[in-house]
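Me: I should like to go through the terms used for this model one at a time. For each, please set the value against the criterion and then conclude.

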Amino acid sequence: MLIVAVVAGMAAAPAGAEAPVPGARAFITNQGSHDVSVVDLDSGHELRRIPVAAGPAGVAVDARQGRVYITSPDGRMLTRIDARTLEVTGTLELGGGPVGIAVDAAGTRVYVSDWYRNQLMVIDAAGLQLLARIALGRVPAGIAVAPDGQQVYVAERDEDRVAVIDVPHAAVVAHIAVGAHPFGLALSADGSRLFAVNVLSNNVSVIDTAQGTVLRTVPVGNTPYCAVLAEDGRLFVTNQHGDSLSVVDPQAGRVLATVPVGGFPEGIVADGARVLVVSWMDEELEEIDTVSLRVVRRIPTGHNSRGFGAFLWRPGATH
Amino acid sequence: MRFNRRGFGLLALSLFALPLLPSLALAHGPTRQKVIEEITIQAAPADVWKLVGNFGNWGAWHPAIDSTTVTDGNAVGSVRTLKLKGGGELVEEIEAYDAETMSLKYRAKDHGALPVTNYTSMIQVKPADGGGSAVTWRGAFYRGFPNNDPPPELNDEAAVNAVTGVYTSGLANLKALLEKK
């Protein structure tokens, strides 16, 4: 297939550079249209819609190598996309129900939670080969990887707990009890705090990863789903049935503000002074200014967009 | 690399011909579905909301409802039990109620008369451009069968068709009632 270079919206090439440096991009899984919307965040335009296996949901980005990984629970497939050229560079058939996905900071290993077979699949990123299967509790969902890549956390939704996996031993070494039905996970940049978003108990568990204990539980909006820690230390939580974001002070353990957004907000990422949220019902990517706490931009996506995972790619970023 | 999705589906079937034992997981199907239906009615929004905003008496306008009991009127947490004319029932609870924006959100208990799970819905009345009212009814749900390889009567399509039928028949009758001279 001929790939047509998309020049519009890209940042100007620095002198002497071999190729134009693209701006930051969002890779949004569209579960209803079986593709990935690539959004140029400088121009606010959708660059491309990349077809993938049926019902894509999860997304992870290896910033260093510029690789994007997509799970398709219906197609039971992992797809790898080059973040620059937007070409599909590989696929791996996984079976089961691959949903949650994360990649370590080095970009060497990809972790996929299998919703139906209650396991974590460990995948070699370069060769796209399955390295190991680690048995988990019922309905594993969101995944977070420690900054050093030595530990992986998985929300075991129907066990109301988070599994802690030791990577060198490829084994579950601890469980942390959280609220009811944890789905999305978020980790602080230094790896010291883990946040589990509890869908049925409408709260977020704040976890001290060194101790493996819950420090506090913060009530948020209706049916929360995912969360991200912004640069300034505030936690932004998507409330699916609240059609809103809860802005949380994780230290004080309270909600500072509630921001109305589109219907069924799901995946969320932070990028400097903005957060980007995917609205499943309204099928758009929404940009929220973290200072004014207002939606400042709405960019249409494909159908039933999810963006479940860290869907942002910023060229030159290391994590 | 690109592939045709249908072609891939056949390939996947052949590669995964060994049936997986369905787990006992309480998980829902992998893909949430949605239905959005809208209708314009030549009636004042307040008059439409009188019917739509009365959680315990949707039998006054929805043709599928035989009878209703409700625990707490329009309060958040109020639960209604709908007996359907074709048999079966639905148990639904108010999640949010806003008379100002004329919107109502509710969620259904699983294993009701519809082939869906994790079903939530919102109905809203707004003034229509050029007069009258616009009623939007939207639902989010998973198919009835929680694991891979659902039987046809419990697959995604069956779920979407059932909910679409509820919305279109209800909205059509609501319009007919309110526009009747």
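**Pairing, burial and confidence**

Reply: In this predicted model, strand β1 (residues 25-30) of chain A pairs with β2(A) in the antiparallel sense over six bridges. Within that pairing, Thr29(A) has Val36(A) of β2(A) as its bridge partner.

Me: What makes β1(A) and β2(A) a pair?

Reply: Two strands pair if DSSP finds at least two bridges between them. β1(A) and β2(A) are joined over six bridges, and therefore they satisfy the criterion of at least two. The hairpin that they form has four residues between the strands, and there His34(A) takes a positive phi near 60°.

Me: How do you know that β2(A) also pairs with β3(A), and which residue stands opposite Val39(A)?

Reply: Six bridges join β2(A) to strand β3 (residues 45-51) of chain A, and the two run antiparallel. Glu46(A) in β3(A) stands opposite Val39(A). Four residues lie between the strands of this hairpin, where Gly44(A) takes a positive phi near 75°.

Me: Why is strand β2 of chain A called mostly covered?

Reply: Six of the six residues in β2 (residues 35-40) of chain A are buried. Asp35(A), Ser37(A) and Val39(A) are buried on one side, and Val36(A), Val38(A) and Asp40(A) are buried on the other, which leaves both faces covered. In a regular strand the side chains alternate between the two faces of the sheet.

Me: Which residues does Phe27(A) touch, and what is its place in the largest nonpolar core?

Reply: Beyond four places in sequence, the contacts of Phe27(A) include Val36(A) and Val38(A), together with Val59(A), Val61(A), Val68(A), Ile81(A), Phe311(A) and Trp313(A). The largest nonpolar core has 128 residues, of which Phe27(A), Val204(A) and Ala227(A) touch the most other members. Helix α3 (residues 156-179) of chain B gives the most to this core, with six residues.

Me: Thr168(B) is found in helix α3 of chain B; why is this residue called partly exposed?

Reply: A residue is buried at 20 or more C-beta neighbours within 10 Å and exposed at 12 or fewer. Thr168(B) has 14 such neighbours inside 10 Å, so it counts as partly exposed. Thr168(B) and Ile36(B) are 132 residues apart in sequence, yet their C-alpha atoms are 9.7 Å apart in space.

Me: Why do Asn118(A) and Asn202(A) receive the labels they do, buried or partly exposed?

Reply: Asn118(A) has 21 C-beta neighbours inside 10 Å and therefore counts as buried. Asn202(A) has 19, so it counts as partly exposed; the cut-off for burial is 20 or more. Asn118(A) lies in the loop between β9 and β10 of chain A, and its phi is positive, near 50°. Asn202(A) lies in the loop between β17 and β18 of chain A and has a positive phi of about 55°.

Me: What makes β24 and β27 of chain A edge strands?

Reply: Four strands form an open antiparallel sheet in the order β24-β25-β26-β27 (chain A). β24 (265-271) and β27 (294-300) of chain A each have a single partner strand, so one side of each is left without a neighbour in the sheet. The twist averages 25° from one strand to the next. Strands β25 and β26 of chain A are joined by six bridges, and Val275(A) has Ile288(A) as its bridge partner in β26(A).

Me: Why is chain A called as compact as a globular protein of its length?

Reply: Chain A has zero helices and 29 strands. Its radius of gyration is 18 Å, close to the 20 Å that the globule rule gives for 319 residues, so chain A is as compact as a globular protein of that length. Buried residues make up 54% of those 319 residues.

Me: How do you know which stretch of chain A has low confidence?

Reply: The mean pLDDT of chain A is 93, and 93% of its residues reach 70 or more. Over residues 1-17 of chain A, however, the pLDDT is below 50, and this stretch has 23 contacts in the model beyond near neighbours in sequence.

Methods
Residues are numbered from 1 along each chain as its sequence is written. Chains are lettered from A and ligands numbered from 1 in the order in which they are written. This is a predicted model: local features need pLDDT of at least 70, side-chain atom pairs count only at pLDDT 80 or more; totals for chains, interfaces and linings use all residues. Axes are lines fitted to C-alpha atoms, for helices over the stretch in contact, and angles run from 0 to 180 degrees between N-to-C directions. The radius of gyration is taken over C-alpha atoms; the globule rule is 2.2 Å times the number of residues to the power 0.38. A nonpolar core is a set of buried Ala, Val, Leu, Ile, Met, Phe, Trp, Tyr and Cys residues joined through C-beta atoms within 7 Å. Two residues are in contact if their C-beta atoms, placed from the backbone, lie within 7 Å. pLDDT is the predictor's confidence in each residue, from 0 to 100.
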